[in-house]
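Here are a few friendly notes to read alongside the structure. Please keep it open while you go through the points.

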Amino acid sequence: MTLDIAEFYQTFFDEADELLDEMERLLINLDIDAPDSEDLNAIFRAAHSIKGGAGTFGFTHLQETTHLLENLLDRARHGELVLDRTAIDLFLECRDVLAGQIDAYRASEEPDQQAYEDMAQRLRTLDEQGSAALAAPAGDKPAAKPAKPAPVALPEGMIRTVMISGIAEDKCSTLVEELGLFGDIESQAYEGDTLTVTLAQPAASDDIESVLCFVVDADQLSFGAAQAEPAGNTAADGAGAEDVVAQAVSEAVAAEREHRPQDNRTQEKATAPAEAAPVAATAAASKPKATGKSSAESSSLRVSTEKVDEIINLVGELVITQSMLEQTIGGLDTEAHGALLEGLNQLQRNARDLQEAVMSVRMMPMDYAFNRFPRLVRDLSSKLGKEINLVTEGESTELDKGLIERIMDPMTHLVRNSLDHGIETPERRKAAGKPAAGTLTLAAQHQGGSILIDISDDGAGLNRERILAKARQNGLAVSDSMSDDEVWQLIFAPGFSTAEAVTDVSGRGVGMDVVKRNIQELGGHVDIRSTFGQGTTIRIVLPLTLAIMDGMLIRVGEEVFIMPLGAIKESMQVQADQLKRVAQDKQLVYVRGEYLPLVEMHRVFDIDNAQSDVLRGIVMVIESEGRYFTLLVDELLGQRQVVVKNLETNYRKVVGISAATILGDGSVALILDVVALSRAGRQSETQVQRAALA
Amino acid sequence: MAEVIANDAARDAAADMEVLVFALGGEEYGVDILKVQEIRGYNQVTRIANVPEFVKGVTNLRGSIVPIIDARIKFGLENAAYDQHTVVIVLNVGERVVGVVVDSVSDVLTLSPEQIKPAPDFGVAAATDHVLGLGSVDDRMLILVDIDRMMSSSELAIVEEVEAIA
């Protein structure tokens with residue numbers, strides 16, 4: 001039994017994670033004044049399913065915590081407990097505690113006892129106070145078994161008799177224990193391979209189903225009603241169930257009987273407890289849910305990212321092979337080889353479609369990232385005493401899952417910054433003639449091969465003077481003639497505390513340089529637009545996937561390299577008067593009022609037959625970590641999207657090279673490591689500064 | 001019987017060894033067939049700057065970026081020419097895949113433990129710590145190369161973690 005269950009651990013953890021996320025989303029969106037009963041039910045079900053699974057796997061703390069939470073939610077959904085902000089806050093905290101517990105169980109550790117006790121205590125307190133306020137029956141003790149209200153009539157979909165077919169005798173005790181969560185067991189019987197359990201108190205059939213779904217399949221379950229009810233009235237709280245008429249269900253049941261002769265006994269047993277109509281009716285209630293579930297299961301599939309990456313790799317190969325074929329057939333006579341050319345054309349289309357389809361497998365909507373922020377904004381705004389509306393746009397924009405995960409931390413950082421330093425307190429906002437509540441907008445959109453993520457606030461904006469003053473204080477080379485863009489970029493300089501520099505709010509010394517570096521590591525960059533007094537927009541520009549990069553093909557001698565497109569500021573041919581030679585072969589290029597160090601590709605990579613005359617080659621202005629340098633190359637061959645391949649898989653890290661890629665002709669081209677090249681240029685840093693001051 | 005293989009403690013000395021025989025200069029070498037992934041021609045290799053001369057660069061092996069080592073340069077042989085007869089043995093070294101350029105590949109031989117003699121301390125083109133032993137088949141003599149040790153030697157620096165592989 002234990003072994004059987006262990007196999008389902010991972011499934012349970014995954015499902016529990018999803019349920020918790022769902023719970024959080026619903027809780028945050030819940031309208032406190034007029035909570036939607038569907039939402040309350042959904043929250044309840046989520047808690048309940050987790051509890052069920054936790055019980056099955058023996059995760060006691062998780063089970064107890066969800067049990068308490070569930071009691072409260074149950075009362076809330078029946079309108080007995082009035083929800084206010086405090087209650088929602090507590091539920092959210094409880095959700096965090098649950099997440100912690102699940103993580104602990106996942107790591108085969110015992111969850112934090114203290115956190116559990118605190119949370120349990122607070123949940124009980126809320127329960128009791130709520131009870132007092134609502135004058136609930138005295139016997140309604142929080143620690144008791146799920147305190148179901150005593151409704152006048154049984155609510156829809158409530159049942160007392162559960163029949164489980166096709167199970168071994170040794171599993172019965174576990175199942176009965178599970179069902180015990182719904183209250184006392186009135187009676188239980190095991191016959192053939194069917195277990196029949198009658199509960200003392202009625203419970204919702206879909207609740208029972210969700211508790212037992214970790215142990216048995218939905219089609220092994222059947223229910224008897226607690227009391228007779230009109231058939232048309234018995235739809236469960238699931239949507240669409242109302243449409244199912246009893247007759248259709250009877251047919252379905254009959255059909256199923258034909259399909260599954262071994263289940264005959266069960267079905268007959270189900271009808272045995274006299275109340276024939278309710279049986280069909282409760283079947284109607286549970287039936288649509290079962291179908292809904294199976295279709296949800298078949299419409300999505302959990303696959304390890306390794307497998308997906310393997311497929312992406314292979315498809316990449318296919319596309320390269322295809323383009324090699326295309327080059328080979330280029331010289332063929334179209335008349336003589338019509339069919340071949342036709343076939344290859346077809347292959348080309350199919351290969352492209354296949355590549356697109358496969359790439360989309362890794363894509364996730366930005367929703368996945370944005371969903372985390374309502375909570376953060378909610379918590380932070382109450383902590384900071386600010387009123388903030390969160391607006392999200394372009395949630396359906398898709399982005400590589402790996403990228404989304406790695407962009408979360410920088411995004412969180414920027415959002416925190418906006419809330420902390422950007423948006424002002426309500427008083428200040430009113431004084432400035434703005435609405436008391438600030439607006440934080442998260443927006444995502446596609447633009448070419450990139451995705452743009454904007455984090456905008458309508459707060460105070462950046463203060464140019466203060467940033468400049470702070471930069472001088474930090475010893476950075478700045479001048480009053482710098483453009484706004486350049487000034488804003490200063491806040492990304494290492495050790496530049498935005499808290500002191502931009503607003504008066506003393507804050508955490510946030511490392512915007514880390515944000516920028518993280519984004520650059522992903523092949524992206526950050527832009528800032530800000531108007532003093534009106535707000536700031538920080539734009540993250542990212543490639544669509546980690547596996548594909550926009551690059552510029554450059555030629556040096558006979559070798560071809562790839563320069564990440566995001567790092568290139570401009571390319572030019574320099575004139576003699578732009579060059580300045582400093583000691584030891586170091587040259588500087590004067591570009592737009594600045595002397596930038598020159599890095600010669602052929603020197604760094606020891607390339608023969610390359611253009612060594614700066615005036616005849618092409619000079620690219622490259623940005624790395626907020627600094628600029630120039631790079632001498634022979635020729636620009638054009639812009640291309642390349643598939644990034646790791647060099648270290650079979651070889652090792654090579655200085656100056658970040659990765660490799662395969663070009664259309666099957667040859668390997670190396671992708672340049674901008675940071676390492678910039679270091680080569682920085683060796684002449686001191687000369688640069690001296691020259692700039694001169 | 002175990003004493004015949006002086007250098008290698010890890011190998012099961014009692015078992016027969018199947019080796020792929022390749023030629024370098026005038027000598028024949030053998031490498032454990034289980035390490036060999038495939039044998040292919042020498043195609044376009046992209047040079048990597050600032051690495052030892054015998055690391056020819058990297059090539060595209062069905063989508064993987066694989067380094068190519070020229071054993072002829074490594075062993076100090078002359079006239080390392082690259083034409084359509086140049087052979088690359090693709091080897092699995094630890095988790096990695098490495099291509100090694102040799103003069104030619106001849107056959108696969110099975111050596112019984114009796115046919116393997118410990119390596120002498122002299123007269124071998126390769127540094128002797130890469131040599132498992134000498135195999136003799138009829139009147140041919142094979143130099144058996146320990147490819148893991150050779151590839152993880154610090155001078156070759158194919159793999160950074162020398163000990164992890166050995």
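1. Read from its start to its end, chain B runs through the pattern β-β-β-β-β-α-β-β-β-β-β-β-α-α. That gives 3 helices and 11 strands in this chain. Please bear in mind that the model is a predicted one. Of the 166 residues in chain B, 51% are buried.

2. While you are in chain B, have a look at B:D138. This residue sits in the loop that links β10 (131-137) with β11 (140-145). Its phi is positive, at about 50 degrees, although B:D138 is not a glycine. Is B:D138 buried or exposed? With a relative accessibility of 77%, B:D138 counts as exposed, because the cut-off for that word is over 50%.

3. Chain A offers another residue of this kind, A:D606. Here too phi is positive, about 55 degrees, and the residue is not a glycine. You will find A:D606 in the loop between α22 (601-604) and β18 (618-624) of chain A. Its relative accessible area is 48%, so A:D606 is described as partly exposed.

4. Next, please turn to strand β19 of chain A, which spans residues 627-633. How many of its 7 residues are buried? The count is 5, so the strand is mostly covered. A general point may help when you look at the side chains here: in a regular strand they alternate between the two faces of the sheet.

5. Which strands does β19(A) pair with? One partner is β17 of chain A (residues 594-600), which lies parallel to β19(A) and is joined to it over 3 bridges. Within β19(A), A:T630 is the residue opposite A:L598. Another partner is β18(A), which runs antiparallel to β19(A), with 7 bridges between them. To trace this on screen, you could start from A:S624, whose bridge partner in β19(A) is A:R627.

6. Finally, a point about charge on the surface of chain A. A:D485, A:E486, A:D527 and A:E594 together form a negative surface patch. Among them, A:E486 belongs to helix α19, residues 484-489 of chain A. How much of A:E486 is accessible? The relative accessible area of A:E486 is 38%, which makes the residue partly exposed. That value fits its place in the patch, because patch residues need over 30% relative accessible area.

Note on methods. Residues numbered from 1 in each chain as written. Chains lettered and ligands numbered in written order. Predicted model: local features only at pLDDT ≥ 70, side-chain atom pairs only at ≥ 80, totals over all residues. Heavy atoms only, no water. Patch = residues over 30% accessible without salt bridge, like charges linked within 9 Å, V, L, I, M, F, W, Y side chains within 5 Å. Areas by Shrake-Rupley, 256 points an atom, 1.4 Å probe, with all protein chains shown as cover. Salt bridge = Lys/Arg side-chain N within 4 Å of Asp/Glu carboxyl O. Lys, Arg positive; Asp, Glu negative; His and termini not counted. Charge placed at Lys NZ, Arg CZ, Asp CG, Glu CD. Helix = DSSP H or I, 4+ residues; strand = E, 2+ residues; numbered from the N terminus. Buried < 20%, exposed > 50% of the residue type's maximum accessible area, 1.4 Å probe, protein only. Pairing = 2+ DSSP bridges.
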